[in-house]
Amino acid sequence: MAFPEAFTRRTFGHGVHAPEHKDLTRERPIRRFAFAPRLTVPLSQHIGKPAVPCVRPGQEVGRGEPIALADGFLSVPIHAPVTGVVEAIRLMPSARGPKTGAIVIKTYAADDQQVLYGAPRTIENLAPAELIQAIQDIGLAGQGGAAFPTHAKLAAAREHHVETLIVNGCECEPYQTTDHRLMLEWVDDLIAGIHFALAASGARRAIIGVEDNKPDAIDVLRRRLAADASIAVTAVRTKYPQGSAELLIKVLLKREVPAGGRSYDVGAVVQNIATLVMLGRLLPPGQGLIERVVTITGEGVKQPGNYLVPFGTPLGFVLEQVGFVGDMSRVILGGPMMGTAVSSLDVPVTKATTAIVVLPVQPATASAPRMYPCIRCGRCVAACPMHLNPSQLGLLAAKREYRAMQERFHLDACFECGSCTYVCPAHIPLVQYLRIAKALNREQAA
């Protein structure tokens with residue numbers, strides 16, 4: 001790449017440069033996982049109302065068969081990730097903490113992973129409303145971690161007449177390489193998915209934003225899209241948390257989403273790479289979303305890589321397959337900056353699982369970092385990409401002045417990226433304080 005271009009690449013103000021740790025998996029091609037003997041498929045794998053079971057215990061199901069139906073517009077159906085028998089429908093552990101409703105399927109040992117159900121469509125013949133319905137029918141929810149129903153986001157974009165589809169190829173979280181591998185290996189599905197999303201949203205153009213620590217992906221995309229004037233590829237400087245929708249819009253379009261607003265307020269809709277890959281892959285055959293690519297990595301596993309994992313696969317089974325180094329590890333769903341540590345390996349892989357990071361823990365004899373009082377050094381202020389004052393927010397949180405945090409210091413603008421906690425020399429868990437404050441304010445407002 002040309003030297004001057006590297007210095008003029010776009011980015012946002014503030015943010016952090018955390019160690020990437022992507023070398024563990026960035027060169028490892030996508031591989032398919034074996035079926036676990038028993039899968040636990042949650043009914044709520046998306047934002048919105050949980051799906052409603054349409055099968056009963058004892059019933060045989062085929063791989064790809066609908067097993068739960070969408071409950072309203074902000075909901076998506078669930079499909080069987082494996083051929084087998086429904087063993088139970090009951091409450092099971094979830095990554096969010098409380099138990100949630102789930103369908104437990106006992107796997108047929110002879111299942112060859114062939115998908116048995118689908119409703120093939122000629123996409124070009126569908127009216128916009130039919131296209132939106134078709135996307136809901138395949139059960140697609142955002143694969144970047146938020147799991148917002150894809151059809152609902154595209155429908156809102158059409159309603160508000162957006163002009164630009166932003167494709168988020170930043171993958172700025174340390175350790176994660178799922179989107180990187182998808183851009184290299186499943187590029188045809190990605191391009192097809194972008195065109196389907198353009199048709200559904202009504203946007204006229206797409207811009208793929210890719211951080212410049214993925215030069216091979218940028219090169220592949222630019223060569224493949226050289227003759228496609230509707231899709232542009234823009235390299236952006238590598239920095240966390242560039243993958244935030246609000247920040248990426250600001251970087252690529254120089255537009256600022258207003259406080260409390262949505263991306264369509266500034267004429268854009270944002271979709272993640274993995275979401276559009278699965279859209280391009282599943283929509284023509286009309287097959288349900290039953291698996292996803294997950295980066296399984298960290299110093300606590302012997303065979304890190306990017307794996308295609310069926311939904312409902314318990315973390316314990318996943319980690320067995322990759323050589324889990326057990327007792328001295330902690331398991332994080334998602335990246336280390338925004339992910340959630342899990343307390344049970346019975347928790348299954350879902351549509352929102354971007355990565356499984358297994359990190360070593362300090363020996364019991366080692367002392368934990370001691371937390372000191374805030375010295376007002378300002379590092380958190382310099383790191384916050386939303387230009388908030390985490391130091392002041394943390395002091396107010398300690399006094400339980402949650403309402404003041406919201407009304408005077410814009411607490412709701414925080415999207416919990418964790419940059420403030422990462423740079424704090426006093427080891428104050430600022431982002432945890434802010435999460436608690438936001439949750440309590442929501443409870444009081446309900």
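**Exercise 1. Work out how much of helix H5 is covered, and describe its shape.**

Step 1. Start with burial: H5 is mostly covered, with eleven of its 15 residues buried. Buried means under 20% relative accessible area, exposed means over 50%, and partly exposed lies in between (1.4 Å probe, protein chains only). Helices (H or I, at least four residues) and strands (E, at least two) are DSSP runs, numbered from the N terminus.

Step 2. Before going on, know what you're looking at: this is a predicted model, where local features need pLDDT of at least 70 and side-chain atom pairs count only at pLDDT 80 or more, while totals for chains, interfaces and linings use all residues. Residues are numbered from 1 along each chain as its sequence is written, and side-chain values use heavy atoms, with hydrogens and water left out.

Step 3. Now find the covered residues. Among them are Val187, Asp189, Leu190, Ile191, Phe196 and Ser201.

Step 4. Check the length. H5 covers residues 187-201 and reaches 21 Å from its first C-alpha to its last, close to the 21 Å expected at 1.5 Å a residue. That expected span is 1.5 Å times one less than the number of residues.

Step 5. Look just past the end: glycine 202 follows H5, and its phi is positive, near 85°.

**Exercise 2. Describe how H5 and H6 pack.**

Step 1. Two packed helices are described by the angle between their axes and the distance between the axes. Axes are lines fitted to C-alpha atoms, for helices over the stretch in contact, and angles run from 0 to 180 degrees between N-to-C directions.

Step 2. For H5 and H6 (residues 215-224), the angle is about 60° and the axes are 11 Å apart.

Step 3. Put a word to that angle. Under 35 degrees counts as roughly parallel, over 145 as roughly antiparallel, 65 to 115 as roughly perpendicular and the rest as oblique. H5 and H6 are therefore oblique to each other.

Step 4. Pick out the residues that touch, where contact means heavy atoms within 4.5 Å. H5 brings Val187, Asp188, Leu190 and Ile191, and H6 brings Val220, Leu221 and Arg224.

Step 5. Sort them by class: five are nonpolar, none polar and two charged. Here Ala, Val, Leu, Ile, Met, Phe, Trp, Tyr, Cys and Pro count as nonpolar, Asp, Glu, Lys and Arg as charged, and the others, Gly among them, as polar.

**Exercise 3. Do the same for H11 and H12.**

Step 1. Helix H11 (residues 390-398) and helix H12 (residues 402-409) have axes 8 Å apart, at an angle of about 155°.

Step 2. H11 and H12 are therefore roughly antiparallel to each other.

Step 3. On the H11 side you'll find Gln392, Leu393, Leu396 and Ala397, meeting Tyr402, Met405 and Phe409 of H12. That contact has six nonpolar residues, one polar and no charged ones.

**Exercise 4. Follow H3 to its end, and place histidine 161.**

Step 1. In H3, the buried residues include Thr150, His151, Leu154 and Ala157. The buried residues of H3 pack against helix H2 (128-137), H5, strand E12 (268-272) and helix H8 (273-282).

Step 2. Histidine 161 sits in the loop between helix H3 (150-159) and E9. Just after H3, this histidine 161 takes a positive phi of about 55°.

Step 3. Is histidine 161 buried or exposed? At 70% relative accessibility, histidine 161 counts as exposed.

Step 4. Link back to the glycine after H5: histidine 161 and glycine 202 are 41 residues apart in sequence, yet 6.8 Å apart in space, C-alpha to C-alpha.

**Exercise 5. Place glutamine 176 and list what it touches.**

Step 1. Look in the loop between strand E9 (164-169) and helix H4 (178-185) for glutamine 176.

Step 2. With 10% relative accessibility, glutamine 176 counts as buried.

Step 3. Not counting residues up to four places away in sequence, glutamine 176 touches Lys22, Glu171, Thr295, Gly334, Gly335, Thr354 and Ala355. Lysine 22 is 154 residues away in sequence and 6.4 Å away in space, C-alpha to C-alpha.

**Exercise 6. Find the backbone details in three loops.**

Step 1. Between strand E11 (231-236) and helix H7 (245-253) lies proline 241. The peptide bond from tyrosine 240 to proline 241 is cis, with omega near 5°.

Step 2. Glutamate 416, in the loop between H12 and helix H13 (419-423), has a positive phi near 65°.

Step 3. Histidine 427, in the loop between H13 and helix H14 (430-445), has a positive phi near 60°. At 43% relative accessibility, histidine 427 counts as partly exposed.
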